[in-house]
Amino acid sequence: MAWGRGPHRVDRMNDVRLDCQVLVVGAGPTGLVLGAELLARGIRTRIIDQGDGVTLQARAIGVHARTLEVLDMMGLAERFIQRGQVVRQIRWYSEGKHLVSLEFARSGSRFGMFLDLPQDETERLLRARVAELGGVVENRTELTGLTAGPDAVIAAVRDRSERGVITAGYVVGCDGAHSRVRHELGLTFHGHPYPQDWVLADVLLDTDLREDAAHAFFRPDGLPAILFPMRDHRWRLTLPFAGSRSGEVPTLEEIQQLTDQRMPRPVTVSDPTWLANFRCHRRSASAYRRGRVLLAGDAVHIHTPAGGQGMNTGIMDAHNLGWKLALVAGGRSPDALLDSYGTERLPVAQDVLKLTHTLVRYGTISHPVKRRVRDVVVPVLSRSPLIQRRAVGRLSHVYVAYPPGPLARPDGGRGRPGPGQRMPDVPVRADGQLTTLHRVLRGGRHVLLVPAHAASVLADPALGPYREDLDVVTIDAGKAPGRGNSGTGPVILVRPDGHVGARGRPGSMHAVTGYLHDLFGEPAHSVPGALLA
């Protein structure tokens, strides 16, 4: 499906004066990443949040490998790693005996880790990036209503002293599970709650457990204890299915009692910095978009903390949407491009909901026969490197691939990565200088990756009109991914979010040029001739 032909121009809004091109509602990690992505591309963006500032609670703490890759494309990964606790594996136990270990180094990413970093630290780093880009988070500003029209969205807001309106070209709700934006759209949040509350505690533990690993202890009664290491020898203790507590925050004494019940050996709990109780839900919205209003993160899907998926999924929602919304809001691409956001991200969210539910079931088995099958079969399967890679790849989102379509052009070719799949952070040369793909992607544009043997494709006149929309890099033939029997790799068009958009070869670049034509149309001021003059 194409999005239309001919030049794409900014929407005509003769009667509408915009306060901003995009209004982001919610300044959690999802909203902050989206805001930063838009600001970096020159889009006038406002970010509002009804809170007082950075959350004072640790909340989500897990940053997976693919999210670190996203942060690397934003120039932020090293800042995060410097402040986080590196986790190399997750270890499962049954009745106190080690059952299996999952090695994050097998993800296929150069970030072969799971990074534990409290959400308040994540938000501080992202707010700092927004400020570097000239943005401001408007705290204590609450959305109270939306009126969407054909050319703009009018958002009614209030702070602690007055009411007002913000007129925006687009509004994105990143405002969490109780999203006001979703409510204003009238979208159903399909799903159900889990039957009991979960208890969390960030504490010191008197234990000799490895601090470069997460530990999950399974019990015959199906009531597990999961421990994630944090900086300064602290731990995030997660205790699922701790009864119906009516929202009552647990005391340290209650945490100690639950720990005594669930851990295979005595562990003393002390010095809590955060204690929390909540009811988990498994829900997803019926749509990601209604006209000029979109949803991302917990506003469109929620699930249990199992596997540390929630914040990561939201950040990748924002990364998928950011470059598309910037092109549309900036008048470079048609509005219909935004439909691809839900088309691509909905299957990912569905898989995450399925994965988290499976992990909960896996860790809470109480039937003796089923427990025995788990404890025998899983260790055998885990010895396979292939199964380890697939499990870690799925858990870390490295294996996320988008379906065939205008932004993932099928080409009938073999080899990985294929269209829609993640492109590894390969070494490349830009302007003759050795660098990496992620560093080039920090420019926010598409990248055309050309093996040295295929430099002739740059003379293709069909690529000429898009020279301002691309960064061109070269890669040594021996390092080119997707090499076939000839030992040479394809020309790869990498999207701004690091996924493969299209592939080609000398004399067969129609998938690449078709992608660019459908995305950008015929530029009003086309430059004839080769891509590189």
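The following exchange concerns the cysteines and strand pairing of a predicted model.

Author: In this predicted model, local features need pLDDT of at least 70 and side-chain atom pairs count only at pLDDT 80 or more, while totals for chains, interfaces and linings use all residues. Residues are numbered from 1 along each chain as its sequence is written, and side-chain values use heavy atoms, with hydrogens and water left out.

Reader: How do you know that the structure holds zero disulfides?

Author: A disulfide is a pair of cysteine sulfur atoms within 2.5 Å. The sulfur of Cys 20 has its closest cysteine sulfur in Cys 174, at 13 Å, which is too far for a bond.

Reader: What makes Cys 20 count as buried?

Author: Buried means under 20% relative accessible area, exposed over 50%, and partly exposed in between (1.4 Å probe, protein chains only). Cys 20 has 1% relative accessibility and therefore counts as buried. Cys 174, at 8%, counts as buried too.

Reader: How do you know that strand 1 and strand 2 pair?

Author: Strands are DSSP runs of E, at least two residues, and helices are runs of H or I, at least four, numbered from the N terminus. Two strands pair if DSSP finds at least two bridges between them. Strand 1 (residues 20-25) and strand 2 (residues 45-48) have four bridges, in the parallel sense. Val 22 stands opposite Thr 45 in strand 2.

Reader: What makes strand 2 and strand 8 a pair?

Author: Two bridges join strand 2 to strand 8 (residues 137-138), and the two strands run parallel. Ile 48 has Glu 138 in strand 8 as its bridge partner.
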